[in-house]
Amino acid sequence: MVENRPFLDILTHLVLIAGVLLVAFPVYIAFVASTHEPSAFVRGVIPLLPGDNMVESYARMLGSGHQVAGTPPVWLMLANSFWMAVIIAVGKIAISITSAFAIVYFRFPFRMLAFWVIFITLMLPVEVRIIPTYAVVANLGMLNSHAGLTLPLIASATATFLFRQFFMTLPDELMEAARVDGAGPLKFFRDILLPLSITNIAALFVIMFIFGWVQYLWPLLVTTQEHFYTIVMGIKRLMAISDREPEWNLVMATVVLAMLPPVLVVLFMQRLFVKGLVETEK
Amino acid sequence: MQTKRSIFHNRWLPYALLAPQLAITIVFFIWPASQAVKSSFEREDPFGFRTSFVWFENYTRILADPSYLNALGRTAVFSVSVTVLSMGLALLLAVCVDRVLRTRRLYTTLLVWPYAVAPVVAGVLWWFLFNPTIGLLPYILDGFGIDWNHRVNGTQAMILVTIAAAWKQISYNFLFFLAGLQSIPASLTEAASIDGAGPAKRFWTILFPLLSPTTFFLLLINVNYVMFETFGVIDATTSGGPNQATMTLVYKVYTDGVAGLNIGSSSAQSVLLMGIVILLTFIQFRYVERRVNY
């Protein structure tokens with residue numbers, strides 16, 4: 001702080017508190033809605049203070065799901081989302097770190113070509129290639145499977161670049177010393193590069209886990225069987241019961257449960273999250 | 001492109017290390033993209049028996065189609081409003097957090113978590129708040145004599161999706177603006193303040209110009225976000241309606257291709273979208289990445 005301006009300090013805090021409230025407000029309302037009975041939404045305006053139906057809403061959605069909407073129990077959708085996010089995160093990191101290792105520590109024909117092929121994935125987000133990708137996955141018989149859900153999202157140019165950049169900053173002597181001591185490339189990778197990359201791996205994991213968790217369009221297309229539904233797409237199914245208003249308390253209980261895991265990851269691993277975000281994007 | 005000064009020598013290992021990434025890239029990225037390019041030049045008969053090569057007819061057709069041009073315009077309006085709204089708020093909050101000392105971490109924590117909220121969930125949250133029958137905000141707006149119903153009013157539908165999409169993006173912009181502000185040396189603001197420049201003057205003459213690389217980078221990222229990742233927001237709130245008022249380019253690819261099964265037109269739209277992404281990526285790497293050594 002360069003000077004003492006009490007009025008400006010108060011204003012700063014007021015703006016920040018307003019910002020925090022603005023950001024939290026929709027989630028608070030959703031939580032409140034999830035604690036009321038269905039009758040609270042028949043007329044008038046949505047309630048602003050929590051009700052006493054919380055246990056029932058959550059227990060019902062977690063335990064049995066919603067039969068009319070055809071969604072499985074929420075715990076199953078949470079498990080599906082969790083595995084999808086973990087497979088995507090681990091997969092992206094695994095294939096990217098080996099690619100970066102190959103590109104940095106070897107010289108071989110078509111090295112530039114391989115680099116550009118990986119680079120191209122940056123320009124092909126799943127949204128612009130949905131239909132042909134869907135056709136490929138269908139032809140491979142991977143609809144309604146974890147492979148179909150995750151593989152088309154797993155290639156990662158950003159993670160490859162991040163590891164490449166990190167490896168370039170490591171001193172050459174590290175690798176020369178390892179070679180003098182008789183370590184081959186795989187031993188060097190496993191015993192030296194991997195341990196050195198552990199912070200980067202953790203930071204990337206946080207970002208990629210969230211990326212996998214919030215996927216919506218792709219699971220919507222490739223999963224038609226209930227037991228593969230992810231939580232994020234399950235919400236849409238819950239709202240889409242034809243010809244009537246959604247059962248708001250149940251929808252909002254599911255919304256809160258869908259937000260909770262990735263938000264907790266951000267809150268509890270904030271430092272890794274920020275590191276991952278800043279480094280994958282630059 | 002650089003490698004290390006000393007390298008390993010192995011004929012097949014580098015290929016084996018690259019194989020998984022390349023296989024996935026080719027099977028799920030490049031092959032589908034090339035299929036999209038191929039079918040953008042073809043037309044299928046209504047029964048799907050025959051496809052014929054039609055040169056650029058799909059392209060000329062969509063570029064002359066008022067509903068495509070409408071989606072293009074809507075996407076532009078949507079992109080600009082979300083970007084301005086979320087970046088403006090994020091910059092304000094970042095400047096404020098940069099001013100406080102003791103509570104900085106607390107405020108940061110309380111502001112960053114929406115990053116982890118799925119776009120479709122953001123859509124559902126705001127859709128609930130703006131629900132014309134029981135929503136809180138239409139009730140308040142009614143007190144001001146505004147009749148809110150985004151199911152029939154296109155402008156209100158656009159406002160709804162803009163707010164939902166911007167709300168989710170504030171945390172991201174905030175983090176990058178804060179990082180940008182903290183990398184500006186304090187001596188600059190101190191010197192200006194000794195010369196008698198007040199907080200507003202310091203912001204506009206020192207902080208804001210020095211933030212311009214961050215701002216430019218965020219502009220590109222936000223446009224990218226609005227164009228591609230807001231599919232969930234729109235699908236949860238308005239489904240492109242009413243009367244195509246919130247139909248973005250990505251949503252149109254989806255409705256024409258998946259729901260309408262018009263593969264030729266949908267593929268041509270995909271290819272045009274790829275063109276836009278390539279352009280954005282090119283700008284990003286040409287003008288933003290120069291500061292970073294790859």
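Select Tyr107(B) to begin. Tyr107(B) sits in helix 4 of chain B, which covers residues 104–112. The model is a predicted one. Is Tyr107(B) buried or exposed? Count the C-beta atoms around Tyr107(B): 21 others lie within 10 Å. The cut-off for a buried residue is 20 or more, so Tyr107(B) is buried.

Now show what touches Tyr107(B). Set aside the neighbours within four places in sequence. The contacts of Tyr107(B) are then Leu16(A), Val20(A), Val97(B) and Val100(B). Two of these names carry the letter of chain A, so keep both chains on screen.

Before leaving, draw a distance from Tyr107(B) to Ser265(B). The C-alpha atoms are 48 Å apart, and the two residues are 158 apart in sequence.

**Across to chain A**

Select the contact between the chains. Chain A gives 82 residues to it, and chain B gives 84. Which helix of chain A supplies the largest share of the side that touches chain B? Pick helix 1 of chain A, residues 6–34: 12 residues of that side come from there. Colour the chain A side by class. You should find 63 nonpolar residues, 10 polar and 9 charged.

Next, select chain A as a whole. Switch to cartoon. Chain A has 14 helices and 0 strands. Follow the chain from the N terminus, and each element along the way is α.

Zoom out. Along the principal axes, the C-alpha atoms of chain A fill a box of roughly 75 × 65 × 30 Å. The radius of gyration of chain A is 24 Å, where a compact globule of 282 residues would have one near 19 Å. Colour by burial: 48% of the 282 residues in chain A count as buried. Then turn to contacts within chain A with a separation of 6 or more. Residues 24 or more positions apart make up 73% of them.

**Back in chain B: a helix pair**

Select helix 3 of chain B, residues 66–99, and helix 10 of chain B, residues 212–229. Their axes lie 9 Å apart, and the packing angle is about 130°. The two helices are therefore oblique to each other. Look along the crossing: it is right-handed.

Show side chains where helix 3 and helix 10 of chain B meet. On helix 3, pick Thr75(B), Phe78(B), Ser79(B), Val82(B), Thr83(B), Ser86(B) and Met87(B). Facing them on helix 10 are Leu218(B), Leu219(B), Asn222(B), Val223(B), Val226(B) and Met227(B). Colour this contact by class too: 8 residues are nonpolar, 5 are polar and none is charged.

Key: Residues are numbered from 1 along each chain as its sequence is written. Chains are lettered from A and ligands numbered from 1 in the order in which they are written. This is a predicted model: local features need pLDDT of at least 70, side-chain atom pairs count only at pLDDT 80 or more; totals for chains, interfaces and linings use all residues. Helices (H or I, at least four residues) and strands (E, at least two) are DSSP runs, numbered from the N terminus. The radius of gyration is taken over C-alpha atoms; the globule rule is 2.2 Å times the number of residues to the power 0.38. A residue is buried if 20 or more other C-beta atoms lie within 10 Å of its own, exposed if 12 or fewer, and partly exposed in between; C-beta atoms are placed from the backbone. Two residues are in contact if their C-beta atoms, placed from the backbone, lie within 7 Å. Ala, Val, Leu, Ile, Met, Phe, Trp, Tyr, Cys and Pro count as nonpolar, Asp, Glu, Lys and Arg as charged, and the others, Gly among them, as polar. Axes are lines fitted to C-alpha atoms, for helices over the stretch in contact, and angles run from 0 to 180 degrees between N-to-C directions. Angles under 35 degrees count as roughly parallel, over 145 as roughly antiparallel, 65 to 115 as roughly perpendicular and the rest as oblique. A crossing is left-handed if the near helix is turned anticlockwise from the far one by less than a right angle, and right-handed if clockwise.
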